[in-house]
Every structure is written in C-alpha cells, then in structure tokens.
Amino acid sequence: MAMKKFAVYLASGVLTTIAASFIAGPKRNAVPVQKRAEALEMAEAPNIKAVSSVHGSPGKRFTASRFSHSMVDRQELIQPEAKIDRAKFNASWGKFMKLKIIHTNDVHSHFENFSRAASLIRKLKDEHTLLLDGGDFADFKSIELRGTKGMAAVELLEVLGYDALTIGNNEMFNGVDTLEHMATHSRFPFISSNLFKKDRTKINGVVPSAIIEKGGCRILITGASPDLGVFNDGLGVYVHSYKEAIYEEIKRNQGKYDLCVVLNHVGTAADEELAREISEIDVILSAHDHKLYSEAKRINGTILNSAGC
C-alpha cells in the first residue's frame, strides 16, 4: 500500500480529528516505506500540540472534553528501509499531506445539540478532511423524520458536506422502504457491507463500500450494521456476518485504495476484535454502544476511536 500510515492518533470526542500523512505520486507502490507500527511511535513525539477546544455549558450534551481536538506539526514521516536522497524523493514523489477525519455517531436526532457540532465542523473542515457519520443519526422518534421519510436528517448532513454514513439500527427502524428512500435520494453514500432485504436481495441505494479521494489519497470506506436478531424479520432485513462482509469487501477492492477506514456500527468490543483479526484495516471508527474513548487506541497497528454519543 502506498500510505505512509499514521503520524499520530489523537484524543477522542464527539468529533475527533485523526491525522495521517502520505506521499502522492504516480508510482505509489514503488517506494519502500516504514512499517505501520514504527510510524505510529511518532504519536509519542514532543511536537504534538493542542490547537483549539470548544467549551460547552455544564450538563449539556456537548462538553469541553468531548470537543477537544489536536493537530500535529508537519514532520518527516517516512523512514525508508533503504536510504534515499530526501530532496530527490520529495521532488519525484509529491508532497506530504495531512488527512483529517472528523466523525460523529449516535446523534439520535438530537438536532438542537448537533447545531453546535455543525459550527465546529465548519471551523475544522478543509479540502483534506474526511467527514463521516457512524450511524444512528436518523432516529425516527423525531416527528421531522417521520414526516419526511428521513430526508430531514439526510439534508442536514448534506449541507455540512458529509462524505459517507454507515447504516445503524435506527436508520432501519422506519422500515426498508424508508431506508431505501433516504439512500437513493442522498448525495453521499449509505454504506453497509452486511445489510440486505430479508429475501437477501440488495437494498436500493445502499452500497458495501465507497472509495473517496482526498488530495490524491484513495480512501476505502466500508462498514457494517448491527445484527438485531429476532427483530430483523420484522424490520424486513437480513444481516450477514460483519466480519466476513468487511473482509470480503477489503479483498474485493485490493489494489484500488491507499487507506482503509472501517466506519462501523457494531460496538467497540466487536471492533477491537476486528482489529486483531484483519490486519489490512488502517482505521476503525466505532459506534452503536455509545462508548467515548478518552484517547484513540492502537491494536495490531490499527487506530481505533469512538466518539460516544
């Protein structure tokens, strides 16, 4: 893979920024690069600095600790296995780029609080930002969603420029017809590698993955929806094994991407197990169990983060 992996993993929050750097160039696979585990040791370097935070009122849904984020100064991130001329390398292979991933999950139609998140997203987002939602954004307890077949939620995400959403259980709760309506009318992909109609046919508009390019970096985004057991039939869905579905999707796209991000709605415990078993995953962003990581984790060379709710 062409990615130079990650310079640092950062503190979590309702919105989390993760920085990665890579070399963009026409011969990505020709450059020997530092191993992922070694690159991640950069996370302990003294150049890490917090540059801003947002403070919410005590007791509110979004608090100061949940909005904290950090950035990293530009660094020499590549330590090739064979020595090369740095100047010639930079001239030939492009320039370093910092990729920011901002993600939300389990908003559950708390749109009055999400407006505060939107303000921060607008402040942090730039051309090298990947903006993702891990599911359960659309909660059909909201009358606005029931009256618009979910499109009120979709339009909020579109206005902010979200790149993708993984389907959570709440996106299913108004039935497959509503889910299809949202997915087919959305400008961003509705992702689930393991969710089908109960007759095991494709749900219109739902895709198993998407490849999104940011500054020359090809990012594979895939993920899975939760298995609701005895409730699946009543909802009109069939849910395949998330491990098998994600692994198959990664293999299917082999050679087409530089960075693999799993945007998952199966819970943090399942995602930690996934990181141990599938080494091709670079980043896992968790959702479903509302667990807030105080800082990102690293398991088997994979960065994991969860933004709570």
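**Figure 1. Packing of helix H6 against helix H7 in the predicted model.** In this predicted model, H6 and H7 pack at an angle of about 25°, with their axes 10 Å apart, and the two helices are therefore roughly parallel to each other, since angles under 35 degrees count as such. The crossing in which H6 passes H7 is right-handed. On the H6 side the contact is made by Met151, Val154 and Glu158, which meet His181, Met182 and His185 of H7. Sorted by character, the residues of this contact comprise 3 nonpolar, 2 polar and 1 charged.

**Figure 2. The buried residues of helix H7 and the elements around them.** Helix H7 spans residues 176–185, and its buried residues are Val176, Thr178, Leu179, Glu180, Met182 and Ala183. These buried residues pack against two helices, H6 and H8, and also against strands E8 (190–191), E9 (195–197), E10 (206–207) and E13 (237–239). Met182, listed here among the buried residues of H7, is also one of the H7 residues that meet H6.

**Figure 3. Packing of helix H4 against helix H6.** Helix H4 (residues 111–124) and helix H6 (residues 151–160) pack at an angle of about 15°, and their axes lie 11 Å apart, which makes H4 roughly parallel to H6. As H4 passes H6, the crossing is right-handed. Phe111, Phe114, Ala118, Ile121 and Arg122 of H4 meet Ala153, Leu156, Leu157, Val159 and Leu160 of H6, and the residues of this contact divide into 9 nonpolar, no polar and 1 charged.

**Figure 4. The largest nonpolar core and a second, separate core.** The largest nonpolar core holds 36 residues, of which Phe114, Phe137, Ile167, Met182, Phe190 and Leu195 touch the most other members. Helices H4, H6 and H7 and strand E13 each supply at least two residues of this core, and the largest share, 7 residues, comes from H4. A second core, separate from this one, has 18 residues and includes Tyr242, Ile246, Ile250 and Ile281. In soluble globular proteins, nonpolar side chains tend to be buried together.

**Figure 5. Packing of helix H9 against helix H10.** Helix H9 (residues 242–252) and helix H10 (residues 268–277) pack at an angle of about 45°, with 11 Å between their axes, and the two are therefore oblique to each other. H9 passes H10 in a right-handed crossing. In this contact Tyr242, Lys243 and Ile246 of H9 meet Ala270, Glu273, Leu274 and Glu277 of H10, and the residues involved divide into 4 nonpolar, no polar and 3 charged. Tyr242 and Ile246 are also among the residues of the second core.

**Figure 6. The surroundings of Asn232 in helix H8.** Asn232 lies in helix H8, which covers residues 232–235. With a relative accessibility of 9%, Asn232 counts as buried, because the cut-off for buried is under 20%. Once its neighbours within four places in sequence are left aside, Asn232 is in contact with Asp227, Val237 and Val239; strand E13 covers 237–239.

**Figure 7. The chain as the setting for these close-ups.** The chain contains 10 helices and 17 strands, and buried residues make up 55% of its 309 residues. Among contacts with a separation of 6 or more, 71% are between residues 24 or more positions apart.

Methods:
Residues are numbered from 1 along each chain as its sequence is written. This is a predicted model: local features need pLDDT of at least 70, side-chain atom pairs count only at pLDDT 80 or more; totals for chains, interfaces and linings use all residues. Side-chain values use heavy atoms; hydrogens and water are left out. Helices (H or I, at least four residues) and strands (E, at least two) are DSSP runs, numbered from the N terminus. Buried means under 20% relative accessible area, exposed over 50%, partly exposed in between (1.4 Å probe, protein chains only). Contact means heavy atoms within 4.5 Å. Axes are lines fitted to C-alpha atoms, for helices over the stretch in contact, and angles run from 0 to 180 degrees between N-to-C directions. Angles under 35 degrees count as roughly parallel, over 145 as roughly antiparallel, 65 to 115 as roughly perpendicular and the rest as oblique. A crossing is left-handed if the near helix is turned anticlockwise from the far one by less than a right angle, and right-handed if clockwise. Ala, Val, Leu, Ile, Met, Phe, Trp, Tyr, Cys and Pro count as nonpolar, Asp, Glu, Lys and Arg as charged, and the others, Gly among them, as polar. A nonpolar core is a set of buried Ala, Val, Leu, Ile, Met, Phe, Trp, Tyr and Cys residues joined through side-chain atoms within 4.5 Å.
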